[in-house]
Amino acid sequence: MNGYFQIINEEMQTSVMLYPATDDGMELDITEVADYLTFREIDYNLSSLYAAAKELSKEPQKVFLNMKKGMPEEEMLKVWISGDAMSATVRFYAPSNDGAVMNKEEILNDLKSRGVVFGVCDEVLDRFLARRQYCKDYEMALGQERTRGEDARVEFLFNTDPKARPTLQEDGSVDFFHLNTVNNCNSGDVLARLIPAVPSQPGRTVRGEVIPGRETKKAHLRFGKNVELSEDGNELIAKVNGHITLEGERVSVSDVLSLKAVDSSTGNIEYSGSVQISGSVCENYSVHAGGNVVVEGVVEGAVIDAGGDVVIARGMNGMGKGRINAGGNVIAKFFENAEVSAGGYVDTDSILHSKVSAMDAVHVGGRRGFITGGYICASNGVNVKNLGSNMGADTVVEVGANPALKQRIQELEEGIDENNKLLRQLHPILSSASSKIKKGQTLPDEQITYIKELYILYHSAKIEIKKDNRKLDGLQEILENCKHAAVAVSGNVYAGTRIVIGDVSLVVKGNAGYCRFVRERGEVKMKGM
């Protein structure tokens, strides 16, 4: 119990009884006693109070105040309301020996008069009434916090991570039959679901003031080609077999062109969607696809150009003329005498005498995991098991921001500026036409046709800006990561291998193992993993 005090009124004098703290209670603060006496307008000698406080240990101390018989003092409380008005703390003071205590109703009325009208904790008050403790803080009232609520959102029922990596098998090689990079779907599959908002409930302060609930955000299911809305409007459903694409929050299903092989029976392939090839792509043929290209066999001296990812389950022997250009990631069992360019990452088991460039990173893992000969360039770093060759094959690995990345960022920024300029030019024309139509003015047919064409152009420019901004964000993220680009070797690196980071380079003088090459203080340095 805390130390406390009580006014003692006698026939010819007034005193105060100081009670020491017991157990782990807080010691009595004489300043608090003095404040109380001042408030009650009771004469006292401050020095006598402090002197008595020094002697206060186990036994109460009675301190003479004055030679007048005081008036009975009722039990009293003080109230502190927090700055945010979400809690109220009460401190009770004992009545004089001839004063009265307050009952529950009187305490509640006193709290109301002091502004505490909501959230009084009956349990705390009852605990005080059952065992009155003075000079002790009671958290007597609590406001009601508003509930945050939840914004409506769209739950996508497919993998939306553009940097998904293929599944690794126990031996460390890539499982090319479970790549986690293509979101296949069947007709009737649910692709996305609308999760409705949970409304925010208002709160109240201990003063009774209402705290308005937070306004929750709405969400909408957006869909494109080969996708339809369910009857209740809460789900997106695939209309055809294919693979799912996500642009912003718009879900579409692209039809996939399935082929047994690309050879003399098919000729060169040009397709706006994705291409699935169960066999091989033969020498001197080409595949141009707007989406992904998946080859379950091998690619010989052929050309593959894809707007999305390229996956080659059994690898590529380019024969010095084979070339891959992908807007997304490139995954293959191996590359030999080939040229590869990826807008994302490159993942393979081995690279032999090839030129490989990636906007993101190059990962060469698996059981062998080697890069021997050729030129490897990756903005965000290279991870490889064995790098270079004992035979002295000329091997160059370059990491960090490359000119192509910076040029692409510049192109996107220029395109966004041009489209914004077009929007600024079209907006007043469309606004004027819209205002005239709302006022009931009749426009000539030629002018209506012209306005429709401008609206289509305006809408297309807005879509293009949004799409380019998403691409720009991704490239700028890659550019930021380039600052920490490194070459990591988990096995051996051989003498003669050249490491380039930014504008500085290092030729490895002797064989080494389990190391990283980083740029530090303007030099390329080899460090332990």
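The paragraphs below walk through the aromatic pairs, two unusual backbone angles and two charged surface patches of this predicted model.

A convenient place to begin is with the aromatic side chains, among which 10 aromatic pairs are counted. One of these joins phenylalanine 92 and tyrosine 138, whose ring centres lie 5.9 Å apart and whose planes stand at 75° to one another, so that the pair is classed as edge-to-face, the term used for angles over 60 degrees. This pair links distant parts of the chain, with phenylalanine 92 in strand β5 (residues 87-93) and tyrosine 138 in strand β6 (residues 137-142), 46 residues apart. Both partners, phenylalanine 92 and tyrosine 138, are buried. They also belong to one aromatic cluster, which is formed by Tyr4, Tyr19, Phe92, Phe128, Tyr134 and Tyr138.

From the rings we turn to the backbone. Most residues other than glycine have a negative phi. Against that background, glutamate 41 deserves a look, having a positive phi of about 60° although it is not a glycine. Glutamate 41 sits in the loop between α1 (30-39) and α2 (46-55), and because its relative accessible area is 74%, it counts as exposed. Asparagine 226, also not a glycine, has a positive phi as well, near 65°, and is found in the loop between β12 (222-223) and β13 (227-229). Is asparagine 226 buried or exposed? Its relative accessibility is 17%, and therefore asparagine 226 counts as buried, the limit for that class being under 20%.

The remaining features concern charge on the surface. A patch of negative charge is made up of Glu413, Glu414, Asp417 and Glu418. Glutamate 413, one of its members, lies in helix α5, which covers residues 403-438, and this residue is classed as partly exposed because its relative accessibility is 34%.

A patch of the opposite sign, positive, is formed by Arg222, Arg250, Lys466, Arg470 and Lys471. Which helix gives the most to the positive patch? That is helix α6 (residues 445-481), which contributes three residues. Lysine 471, whose place is in helix α6, has a relative accessibility of 39% and so counts as partly exposed.

Definitions and conventions
Residues are numbered from 1 along each chain as its sequence is written. This is a predicted model: local features need pLDDT of at least 70, side-chain atom pairs count only at pLDDT 80 or more; totals for chains, interfaces and linings use all residues. Side-chain values use heavy atoms; hydrogens and water are left out. Rings of Phe, Tyr and Trp (its six-membered ring) pair if their centres lie within 6.5 Å; planes under 30 degrees apart count as stacked, over 60 as edge-to-face and the rest as tilted. Helices (H or I, at least four residues) and strands (E, at least two) are DSSP runs, numbered from the N terminus. Buried means under 20% relative accessible area, exposed over 50%, partly exposed in between (1.4 Å probe, protein chains only). Patches are made of residues with over 30% relative accessible area and no salt bridge: like charges are joined within 9 Å, nonpolar side chains (Val, Leu, Ile, Met, Phe, Trp, Tyr) within 5 Å. Accessible areas come from the Shrake-Rupley method with a 1.4 Å probe; for residues, only the protein chains shown count as cover. A salt bridge is a side-chain nitrogen of Lys or Arg within 4 Å of a carboxyl oxygen of Asp or Glu. Lys and Arg count as positive and Asp and Glu as negative; His and the chain ends are not counted. The place of a charge is taken as NZ of Lys, CZ of Arg, CG of Asp or CD of Glu.
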